[in-house]
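Trainee: I would like to learn how to read a model like this one, feature by feature. Could you walk me through it?

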Amino acid sequence: MMKHRSSLVPAIALSAIGFAAVSACTNSGMQPTGGNASVTSPTVVSPSPTAQIKFTDQPVILIVKNAVVTQSSGTTYTFQVASDSAFASVVQTKDGIAESTSGQTSVKLDSLAASKDYYWRARATANGTTGPYSAATKFTMGAAVVLGAPSPIAPLTGATTSRRPTLRVTNASRSGPAGAITYRFEISTTSAFNATVVSVTVPEGINETGYIVTTDLNVNTTYYWRATALDATNNVSSTASPIQSFTPNQSQAEALAAQIGITLWPGAAPTGQTGHATMGEQGQYGAGWQPQTLYYGPQNVFFQSPDAEMLRIFDLLDRGFDPVGAIDWMNSNGYPTNALWYPPPEKAVIGLHYVYLASRGKVVVNSIWDIVVRVE
Amino acid sequence: MKRSIFAVLAWAACSGVAFAQSPTAADDARGYVEVVAQSAFGNVTSQSFGGEVGFRVARGVQVYVDAGYVRDTTPTSLGASAQAIAADITSKGGGASYSVKQPVTFGVAGIKYLFPVDQSTFAPYVMVGGGAARVQKDVNFTVSTGQVSDYVTVGTDLAGNETKGMLSLGIGVDWALGKVFVLDLQYRYGRVFTSEGLNINRAGAGFGVRF
């Protein structure tokens, strides 16, 4: 029996030797460099690489997609911002930021100096393991340029306008090394500007900047407009100007032009409010402005009245132009005319090919204009 | 799998009784030594190799030592973690692939009891033992861009090794092949007391000599 018991000693010794021998042959694979958990680098979300950030958009918020942590509990993040890609000059460190359960973790930076490039990165720590940093990501802080909101000049809220109004603002105030300023004019059918009809950018004018709408807006529709000053060089924009509304109205001439199927102003359109002239009715003073065919005796021809030329001249008079100004405007804006103004006291008529546009009572301003068929 | 193994072992035990007229009893010798090849199964199926030596200490009772190497015992959690990390690296443009293996080396000693079946060439047995096991977490990542360390810091959950105590239970049948050789049909259950706990099931055969 003693002999048998003595077998236990070599048995255990053999076991240990065998175990050690096999173990010695099986060291392979990666060696752990962290604690209990394995931790990947977080993924940069925002600011994205090479992002340009307005100085006024501070504080900058850094956002990462959470790291993969194999044994997650109490994962925290460290964010670093440096002025060089090697992170030798770290300007801000945000440590111990608790992981968000939303899948993305963020941190708000303190104010950064203007007009500089920055690099940022982040890493996660969990269960004694500090993961690698995310790739360094560059962003650029814009210049410390501040643009004030432009002030609307016209049209102001409640105004009625032509179908192609001129939007005007005073130039925006500015501070800092601003670049060239442009203005973005926006017109919308909603005050929230979620249905934009027009969005154009125009260079800055002297003292004020304007934009003439180039397409006809709908009549009797309320539109909202605003303007925003932009500094593309520094990627800076102002807040928008206070929102104004206006309603385009169809002038007498426009309504009549539409009735006879012509476009009154296919190119440049005059500005100014209507209400300075009245179309004379058919009667003792003239043939009236209703669409009709008239007869010109000297040449024995019938012609359509009114035609586009008559309506355009009337529309200009309606907008406050005087007769000479109206003729000049047409000739200089792509609507050539041979109209001649015969001033009072003799006549006070505008001579066209077949008719005169005669101011009733020889009153030129805010007058009634009659169509009179020429006889000579 | 387990069911079929038990069925084979039961058949072998019964066969031993049936052939009770055979010339040599399985537990006649002072001891034995054998090499073992097994199929290891659990979450993954792999192979196990090792050796076993035993010494008779009383009639039907042997002290045995079993040492071996199981090629892979990867649990589900290890593969899932590696897959999650590889996917994250790939999403960052690293183009990662990975391999996962968890080999185990072990050594146990214990008592083996052979059921008395006089004059039979078959000797069914049960055994229980304890020892230690070394669990190697063998996870490898390969990235197409940069270094693995650019993307992940690997913790002890995916790399390195730990040595923990091990409990081993076994059943089997020793089949005497003449006076010297023995064929051992066996099943072994091992429990390694790692932090997550690890079960190792092995079934196979040993071929040895008696002395």
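Mentor: Gladly! Let us start with a proline. Pro59(A) sits in the loop between β3 and β4 (61-65) of chain A. Please keep in mind throughout that this is a predicted model.

Trainee: What is the peptide bond from Gln58(A) to Pro59(A), cis or trans?

Mentor: For this you read omega. The bond from Gln58(A) to Pro59(A) has an omega near 5° and is cis. Another cis bond runs from Ser46(A) to Pro47(A), where omega is near -5°. Pro47(A) is also a loop residue, placed between β2 (43-46) and β3 (51-53) of chain A.

Trainee: Let me step back for a moment. How many helices and strands does chain A have?

Mentor: Chain A has five helices and 28 strands. As for cover, 42% of its 376 residues count as buried. Its exposed surface is about 17,600 Å², with 54% supplied by carbon and sulfur atoms. You can also ask how far along the sequence the contacts reach: taking those in chain A between residues at least 6 apart, 62% join residues at least 24 apart.

Trainee: Now the helices. At what angle do α4 and α5 of chain A pack?

Mentor: A helix pair is read from the angle and the separation of the axes. Helix α4 (residues 308-318) and helix α5 (residues 323-332) of chain A pack at about 125°, and their axes lie 9 Å apart. An angle between 115 and 145 degrees falls in the oblique class, so α4(A) is oblique to α5(A). The crossing of α4(A) past α5(A) is right-handed.

Trainee: Which residues of α4(A) and α5(A) meet?

Mentor: From α4(A) come Glu309(A), Arg312(A), Ile313(A), Leu316(A) and Leu317(A), and from α5(A) come Pro323(A), Ala326(A), Trp329(A) and Met330(A). Sorted by class, this contact holds seven nonpolar residues, two charged ones and no polar ones.

Trainee: And how does α3 of chain A pack with α4(A)?

Mentor: Helix α3 (residues 252-260) of chain A and α4(A) make an angle of about 160°, with axes 8 Å apart. Angles over 145 degrees count as roughly antiparallel, so that is how α3(A) lies relative to α4(A). On the α3(A) side, Gln252(A), Ala253(A), Leu256(A), Ala257(A) and Ile260(A) take part, meeting Leu311(A), Phe314(A), Asp315(A) and Asp318(A) of α4(A). The residues of this contact divide into six nonpolar, one polar and two charged.

Trainee: Is α4(A) mostly covered or mostly open?

Mentor: Mostly covered: nine of the eleven residues of α4(A) are buried. Among them are Met310(A), Leu311(A), Phe314(A) and Asp318(A). Just after this helix, Gly320(A) takes a positive phi of about 100°.

Trainee: Which residues other than glycine have a positive phi?

Mentor: Two examples to look at are Asn235(A), with phi near 55°, and Ala348(A), with phi near 65°. Asn235(A) lies in the loop between β19 (223-231) and β20 (236-237) of chain A. Ala348(A) also lies in a loop, between β25 (340-342) and β26 (349-351) of chain A.

Trainee: Are Asn235(A) and Ala348(A) buried, exposed or partly exposed?

Mentor: Here you compare relative accessibility with the cut-offs: under 20% is buried, over 50% exposed, and in between partly exposed. Asn235(A) has 33%, so it counts as partly exposed. Ala348(A) has 0%, so it is buried.

Trainee: What about chain B? How many helices and strands are there?

Mentor: Chain B has two helices and ten strands. Read from the N terminus, the order is α-β-β-β-α-β-β-β-β-β-β-β. Of its 211 residues, 53% are buried. Its accessible surface comes to about 8,700 Å², and carbon and sulfur atoms account for 62% of that. Of the contacts in chain B between residues at least 6 apart in sequence, 70% join residues at least 24 apart.

Trainee: To finish, where is Glu52(B)?

Mentor: Glu52(B) is in strand β2 (residues 46-58) of chain B. Its relative accessibility is 2%, so this charged residue counts as buried. Beyond its sequence neighbours up to four places away, Glu52(B) touches residues including Tyr32(B), Glu34(B), Lys112(B), Asp184(B) and Arg188(B). Tyr64(B) is another contact of Glu52(B); the two are twelve residues apart along the chain, with their C-alpha atoms separated by 6.9 Å.

Terms used. Residues numbered from 1 in each chain as written. Chains lettered and ligands numbered in written order. Predicted model: local features only at pLDDT ≥ 70, side-chain atom pairs only at ≥ 80, totals over all residues. Heavy atoms only, no water. Helix = DSSP H or I, 4+ residues; strand = E, 2+ residues; numbered from the N terminus. Buried < 20%, exposed > 50% of the residue type's maximum accessible area, 1.4 Å probe, protein only. Contact = heavy atoms within 4.5 Å. Areas by Shrake-Rupley, 256 points an atom, 1.4 Å probe, with all protein chains shown as cover. Axes fitted to C-alpha atoms, helices over the stretch in contact; angles between N-to-C directions. Parallel < 35°, antiparallel > 145°, perpendicular 65-115°, else oblique. Left-handed = near helix turned anticlockwise from the far one by under 90°.
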